[in-house]
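This report describes a protein structure for a reader at the bench. The sequence and the structure are shown first, and the description follows.

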Amino acid sequence: MRQLTRSISSLSVFNKFFYGVIVIVLLILALSLFASYTYSQNIYEKQASENASRLVKGIDEGFKSNLDQVDRIIMSIYNDLDSENSNFLSSTEYSGLTDEYRTLQLTQTFYQRLLNLRPDFNSIYIYVSPSKQISYAVNGIVDPDYNPQQDDWFVQTVAAGGSTIISAPHDPFQLHDAEKVISFSRILKRFDTNKDDSYGVILIDLSMDAIQSIVDKADLSSETGVMILDGGGETLFADGPLSSGEGLSEEARSKVASSPQGMLNLRVDGKKYLLTYGTIGITGWKSLTLTPFSEIQKDRDKLLLFSLALAAVALLITIVIAYLFSKRLFKPIHTLKQGIVQVKQGNFNIDLEPPTSDELGQVVFSFNSMVKTIKQLIEEKYEEALARQDAEFRYLQSQMNPHFMFNTLQTINGMAIVNEVPEISAASSNLARMLRYNIDMKQRTVTIREELENAVCYLQIQKIRFREYLDYELSLDEDIYDCTIIKLILQPILENAIVHGIEPKGDNGSIRLSGSRLEDSVRIQVLDNGIGMTNEQLERLMRSLREDRELGEESFSEEKYRHNRVGLKNIHKRIQIIYGHEYGITVESSPGEWTRVIIDLPVTG
């Protein structure tokens, strides 16, 4: 099962859809064929049952027709014998030879009419008394000494009181060497008295062709056998597979006798048959039809073959249509797959043609847009990389001038020492150290110690410039010197304090640089005694730091300190980008008195 699942999973979407449609159609066709096969089986079995019913009805109607004819024959006898020669029926003895001759001649004429009327007519027998009886037969030899008074048929006929009695196929009662016949017997009642008297008994025998003609009228298949059983289960008539009467078992005869009609399966000589039966109403006999299953299945198999051929044609048409439809449906996916292969190989100069305008076609169109966007981003990234390489190259070129300046300052420092000019030596030495610190951009962060050394160099240079008008004080705890800080933060803040606070004041300038550790953070403060800021200027400055917009010219305008590497705002944003929004710069000030810049950093390093 897992192997099958893996095999199905490895198929393409086209094949999954195509084979899925084929499997569904096959299942539908199989179910249809099974339903058709089962339905046809029931139909043909029902047809066999209807054949039996039709046979029963035909035999019943045939016997009724025979009874009607027998009744008409008897009435003819009344008319011919009783009216023409009343002495035949009214007396038990002949009046003479003339009477006997005339009676025989009249009976023979009637007999000839019966032969013309019924081809299956075999014999007629009229009994008035032991000495007065007449018998004519087509087949067989008349027994002149026959006396029927002790025979069952005679007794039953007399007891019937005028109803016609039908005797099952038998050897003729009054004949020798004759074939089996079916007998119709009835008493000849007197109509000239009110008493329940009779002239005698009439017996008319019909050959077995009478039953055969009734069976033939049922129009059954030549392969279907027919059997008629009496009330005791004895065979009266058999045709076809059961003509010998030996194939029907006692169990089958018992089942047939126990119900008025039904159906059961039977094997005769190793061959399977469907036995259907019913009851003949006028006689109470059982009429059976025996149909071979091969006969039933013959038409069903023809229908099955036709259904299989039709299913094969339908499947072929389905395969063709499913293939064409699947190919049409999945053409956009195939196109998209080819495009993905091209992009995977690095070809972004493709523009797929959407095969359709439906949802899958829109996917192809969206793929084209995506590829164009990716191509544009790659080109922009490539241009950005080229620009970065160019900037790095220009940066390397720009380092030539700082290195030249650094070397020149070192030369000036040497000359100042030789010529004993300490201020020039100090200024050039500090400036050279600042220049070297600034041009080394490999590190983004440095220790507070290194940053403080650069700040001190800057303050010493400014003190040479302002002399007694500027003084500075350092007060940093020893435990924070090895903590890290973003490079070039202190020098721009000190420069702002001098340029925008102390220099406008003009005298007695003082800067205090302090630092301490507060649990998990480091706080550095730069305090100057310059001109300070008004509340409005301070509020605008802090709002600018918070709202990410340029500072106003009234505070620390870009025009006022464009010579600096970065401004307060840039420093604040750099701290927040690297350490988070809980860190940064806070400014406090008192107008005309002082300004304090507070730097909060995490403890790192």
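Which residue stands opposite L290 in β12? The residue opposite L290 is G225.

## Basis of the description

The model is predicted: local features need pLDDT of at least 70, side-chain atom pairs count only at pLDDT 80 or more, and totals for chains, interfaces and linings use all residues. Residues are numbered from 1 along each chain as its sequence is written, and side-chain values use heavy atoms, with hydrogens and water left out.

## The chain as a whole

The protein chain contains 16 helices and 19 strands; helices (H or I, at least four residues) and strands (E, at least two) are DSSP runs, numbered from the N terminus. Of its 605 residues, 41% are buried. Buried means under 20% relative accessible area, exposed over 50%, and partly exposed in between, with a 1.4 Å probe and protein chains only.

About 34,400 Å² of the protein chain is exposed, and carbon and sulfur atoms supply 53% of this area. Accessible areas come from the Shrake-Rupley method with a 1.4 Å probe; for residues, only the protein chains shown count as cover. Among contacts (heavy atoms within 4.5 Å) with a separation of 6 or more, 62% join residues 24 or more positions apart.

## Strand β12 and its partners

Strand β12 spans residues 286-292, and seven of its seven residues are buried. Both faces are covered: K286, L288, L290 and P292 lie on one side, with S287, T289 and T291 on the other.

Two strands pair if DSSP finds at least two bridges between them. Strand β8 (residues 225-229) pairs with β12 in the antiparallel sense over five bridges. Strand β11 (residues 271-279) is also an antiparallel partner of β12, over seven bridges, and T276 stands opposite T289 in β12. The hairpin of β11 and β12 has six residues between the strands, and G284 there takes a positive phi near 80 degrees.

## The five-stranded sheet

An open sheet of five strands follows the order β14-β16-β17-β19-β18, with mixed pairing. Its edges are β14 (470-476) and β18 (584-590); each has a single partner strand, so one side of each lacks a neighbour in the sheet. From one strand to the next, the twist averages 15 degrees. Strands β14 and β16 (residues 509-518) run parallel and are joined by seven bridges; the bridge partner of D471 in β16 is S510.

Two helices lie across this sheet. Helix α13 (residues 448-466) lies across β14, β16 and β17 (521-528), at about 165 degrees to β14. Helix α14 (residues 490-505) lies across β14, β16, β17, β18 and β19 (594-602), at about 145 degrees to β16. Axes are lines fitted to C-alpha atoms, for helices over the stretch in contact, and angles run from 0 to 180 degrees between N-to-C directions.

## Salt bridges

A search of the whole structure finds eight salt bridges, each defined as a side-chain nitrogen of Lys or Arg within 4 Å of a carboxyl oxygen of Asp or Glu. One of them joins E473 and R512, whose closest N and O atoms are 3.7 Å apart. This pair links distant parts of the chain, with E473 in strand β14 and R512 in strand β16, 39 residues apart. E473 is partly exposed at 42% relative accessible area, and R512 is partly exposed at 34%.

D600 forms a salt bridge with R523, the closest N and O atoms being 2.8 Å apart. Here D600 in strand β19 and R523 in strand β17 are 77 residues apart along the chain. D600 counts as buried because its relative accessible area is 15%, whereas R523 is partly exposed at 29%. The side chains of D171 and K180 also meet in a salt bridge, at 3.9 Å from N to O. D171 is partly exposed at 49%, as is K180 at 44%.

## Helix α8 and the loop after it

V313, I317, I321 and F325 make a nonpolar surface patch of about 380 Å². Patches are made of residues with over 30% relative accessible area and no salt bridge: like charges are joined within 9 Å, and nonpolar side chains (Val, Leu, Ile, Met, Phe, Trp, Tyr) within 5 Å. I321 lies in helix α8 (residues 293-329) and counts as exposed because its relative accessibility is 52%.

F330 lies in the loop between α8 and α9 (331-344). With 13% relative accessibility, F330 is buried. Its C-alpha atom is separated by 9.4 Å from that of F17, although F330 and F17 are 313 residues apart along the chain.
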